[in-house]
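Trainee: Could you take me through this one, giving me the rule behind each term as we go?

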Amino acid sequence: MRDARGDVTRPIGARLWLSGAWLALLVLAALCAPLIAPKDPLMQDLFLGRMPPFWVTGAEPGYLLGTDSLGRDVLSRILYGARLALIVALVAGSLTCFIGATLGLIAGYYRGWPDRIISRFVDIWMAFPPVLFAILLIAVMGPGLVSIIIAIVVIDWTRFARVIRAEAMSQGAMDYVASAQVAGRTRFGTMLTEILPNVLPTIVALLTLEMGIAVIIEAILSFVNLSISTDSPTWGGMIAEGRTSVHQAWWVLVFPLITLFLTVLSFSQLGEGLKDRFDPVLR
Amino acid sequence: MNSFLEVRNLNLSLKAGMPILRSVSLNVAAGQVHGLVGESGAGKSMIGKAVLGTLPRALQVTSGEIWLDGVNLNSLPTAERRKTIGAKAALIPQDPLTALNPSKRIGPQITRRLVDILGWQKSDAEARAVELLHEVHIPDPARVMKSYPHELSGGMRQRILIASAFAAEPKLIIADEPTTALDVTVQKQILRLIAEMQQRHDTALLFVTHDLGVVSKTCDTLSVLYAGKVIEEARMRRFFTRPIHPYSAALLKATPTYTNPRGSLTPVPQSVIDATEREVREHDMRASR
Ligand SMILES: Nc1ncnc2c1ncn2[C@@H]1O[C@H](COP(=O)(O)OP(=O)(O)O)[C@@H](O)[C@H]1O
Ligand SMILES: [Mg+2]
């Protein structure tokens with residue numbers, strides 16, 4: 001039995017703080033990578049290839065999480081990889097959110113022909129298989145940071161549009177919206193001052209979730225070698241390389257994988273936690 | 001007697017075609033209380049929404065006029081119509097749960113009307129809001145102004161909505177079943193409060209309800225609505241002593257009022273309902289000819 005108020009709210013607090021702490025750590029790593037990374041992430045040393053992490057016998061001092069087949073420091077590469085992951089998360093996440101939520105809000109609140117156009121557009125869009133779509137896009141635009149961000153926006157804006165449309169629609173039917181209009185508000189003003197604050201918790205939750213998804217998509221694209229050029233370290237690229245030598249050097253695969261997993265998990269937990277904090281009714 | 005609100009032959013239908021209101025005419029005199037009774041789904045709320053210009057999108061006015069304080073609302077451009085309605089009329093809603101914005105504090109939700117409609121300064125509006133909350137007997141108004149709706153009980157929220165309805169001193173209040181969503185224990189207090197406010201502010205009141213017992217105590221005149229058609233319009237005394245329409249008579253027999261204080265209640269007979277339905281259908285057929 002779960003009591004919605006007593007039992008579930010407390011762990012949400014813990015999740016919020018844990019996920020927040022992990023993400024703060026990542027931001028710090030990304031900002032200060034040159035200061036805190038023990039080695040140059042690109043420096044190869046063929047004599048130091050596939051050194052295990054520090055607690056395994058035969059580890060090389062100074063290489064805490066071991067080295068990959070080219071002798072590059074795994075820890076340093078993970079720290080530098082955080083840069084790209086976070087840039088993609090922030091930029092692609094916010095852009096996706098802005099475009100999708102705006103269209104969803106307009107469709108759900110104005111209804112009528114704006115809704116018909118936007119909804120039809122969403123339906124058509126969603127008929128494309130998303131990953132194929134992204135690969136096609138990048139094949140056309142060429143790999144690179146900008147292409148990745150555009151690909152993510154193009155794939156995922158419909159998620160925001162659909163969810164926010166539904167929320168705006170149900171808020172729009174409430175009496176307080178009508179009374180705002182009797183008080184002389186314009187429709188556009190009502191949308192911004194009455195509807196938007198009430199869908200904001202959902203937008204925030206979707207946004208953080210989207211940031212996690214953006215990190216995954218970027219990793220997938222790196223994995224299939226469609227991301228940024230291979231010499232700047234990315235978690236997806238590291239996972240792809242680690243996969244080929246998993247029997248000889250599991251750490252090359254496992255550490256970036258764990259980092260990726262924790263990051264995506266943290267984004268989604270942060271979203272849930274923030275939604276509960278923000279939502280005046282649940283608070 | 002001059003009407004403050006006059007609805008003339010209002011026809012309202014679903015965009016798909018089905019009629020919701022059938023040539024509804026209604027007068028509310030300045031400073032008077034007019035009851036609007038009818039069973040659930042009769043179209044009572046839609047009359048209120050048509051007057052306030054907040055009809056759901058699925059509905060449209062097909063013909064008829066609404067006059068407010070001597071002005072034909074249909075003749076005004078949209079922006080001006082909104083302003084006129086906002087300054088002259090206000091709603092006390094049926095459901096105090098959805099009538100307040102859950103993500104905003106109470107204070108701004110009351111002062112908004114004063115700032116938007118009357119162009120008041122924020123600080124003046126806040127002082128006035130506190131005064132209004134006093135007037136509706138809310139203890140500690142300063143604290144309530146800073147609260148969120150979900151922190152307050154249903155009765156408190158309805159008091160706030162009453163205060164907010166009277167804020168800009170409108171001369172018409174539409175109360176749409178203002179106690180239906182409340183606990184029985186607070187219903188009486190809210191009814192008394194509305195009557196008190198109506199008298200003090202000398203407003204006209206269109207009182208929507210399905211409770212004839214309440215009407216008998218509060219109203220001067222009333223209209224009975226059945227399936228979107230006004231089947232009887234009367235002054236109170238006459239209605240309760242000599243109802244004209246058989247449906248009205250049957251309704252009275254089904255209501256514990258002063259004509260029938262403790263006697264047994266008779267459900268509205270099916271034959272009366274059938275006859276009334278037939279009348280409404282014939283009305284539609286005449287109209288379509
Ligand atoms: N949003 C809507 N869309 C379509 N029909 C509606 C809508 N709202 C109300 N109606 C219809 O209008 C009629 C009158 O409703 P209403 O005025 O709410 O009745 P009541 O007398 O209980 O207040 C009902 O038959 C209802 O089905
Ligand atoms: Mg109603």
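**Terms and values in two chains**

Mentor: Let's start with a pair in one helix: B:E131 and B:R128 both lie in helix 4 (residues 122-135) of chain B, three residues apart, about one turn of the helix. This is a predicted model, in which local features need pLDDT of at least 70 and side-chain atom pairs count only at pLDDT 80 or more, while totals for chains, interfaces and linings use all residues. Residues are numbered from 1 along each chain as its sequence is written, chains are lettered from A and ligands numbered from 1 in the order in which they are written, and side-chain values use heavy atoms, with hydrogens and water left out.

Trainee: What makes 122-135 count as a helix?

Mentor: The elements are DSSP runs numbered from the N terminus: a helix is H or I over at least four residues, and a strand is E over at least two. Residues 122-135 are such a run, so the stretch is called helix 4 of chain B. By that rule chain A has nine helices and zero strands.

Trainee: Why is the contact of B:E131 and B:R128 called a salt bridge?

Mentor: The rule asks for a side-chain nitrogen of Lys or Arg within 4 Å of a carboxyl oxygen of Asp or Glu. Here the N to O distance is 3.0 Å, so the pair of Arg and Glu qualifies. Over all chains, the structure holds 21 salt bridges.

Trainee: How many of those cross between the chains?

Mentor: Across the interface of chain A and chain B the rule finds two. B:K104 and A:E194 form a salt bridge with N to O at 2.8 Å. The interface also has nine residue pairs in polar contact, both residues at pLDDT 80 or more. A polar contact is a pair of N or O atoms within 3.5 Å; within protein, one must be able to donate a hydrogen and the other to accept it, and residues adjacent in sequence count only if both atoms are side-chain atoms.

Trainee: Which helices of chain A supply the side that touches chain B?

Mentor: Helix 6 (175-182) and helix 7 (187-223) of chain A each supply at least two residues. Helix 6 of chain A gives the largest share, seven residues. By kind, that side of chain A has ten nonpolar, six polar and six charged residues. Here Ala, Val, Leu, Ile, Met, Phe, Trp, Tyr, Cys and Pro count as nonpolar, Asp, Glu, Lys and Arg as charged, and the others, Gly among them, as polar.

Trainee: How do you know how many residues each chain brings to the contact?

Mentor: Contact means heavy atoms within 4.5 Å, and that takes 22 residues from chain A and 23 residues from chain B. Buried area is the accessible area (1.4 Å probe) that two parts lose on being put together, summed over both. For chain A and chain B it is about 1900 Å², with carbon and sulfur atoms giving 51%. In chain A, A:D175, A:V182 and A:A183 lose the most area to chain B, together 30% of what that side buries.

Trainee: Now the sheets. How do you know that strand 4 and strand 5 of chain B pair?

Mentor: Two strands pair if DSSP finds at least two bridges between them. Strand 4 and strand 5 of chain B have two bridges, so they pair, running antiparallel. B:L68 has B:V71 in strand 5 as its bridge partner. Two residues lie between these strands in a hairpin, where B:D69 takes a positive phi near 55 degrees.

Trainee: What order do the strands of that sheet follow?

Mentor: This open sheet of four strands in chain B has the order 2-1-4-5, with antiparallel pairing.

Trainee: What makes strand 2 and strand 5 of chain B edge strands?

Mentor: Strand 2 (19-29) and strand 5 (71-72) of chain B each pair on one side only. Strand 1 (residues 3-14) of chain B is joined to strand 2 by seven bridges, and to strand 4 by eight, again antiparallel. Helix 1 (residues 44-52) of chain B packs on this sheet, touching strand 1, strand 2 and strand 4 (59-68).

Trainee: How is the pairing described in the six-strand sheet of chain B?

Mentor: Its order is 6-7-8-3-9-10, and the pairing is mixed. Strand 7 (residues 172-176) and strand 8 (residues 204-209) of chain B are parallel, with five bridges. B:D176 stands opposite B:V208 in strand 8 of chain B.

Key. Axes are lines fitted to C-alpha atoms, for helices over the stretch in contact, and angles run from 0 to 180 degrees between N-to-C directions.
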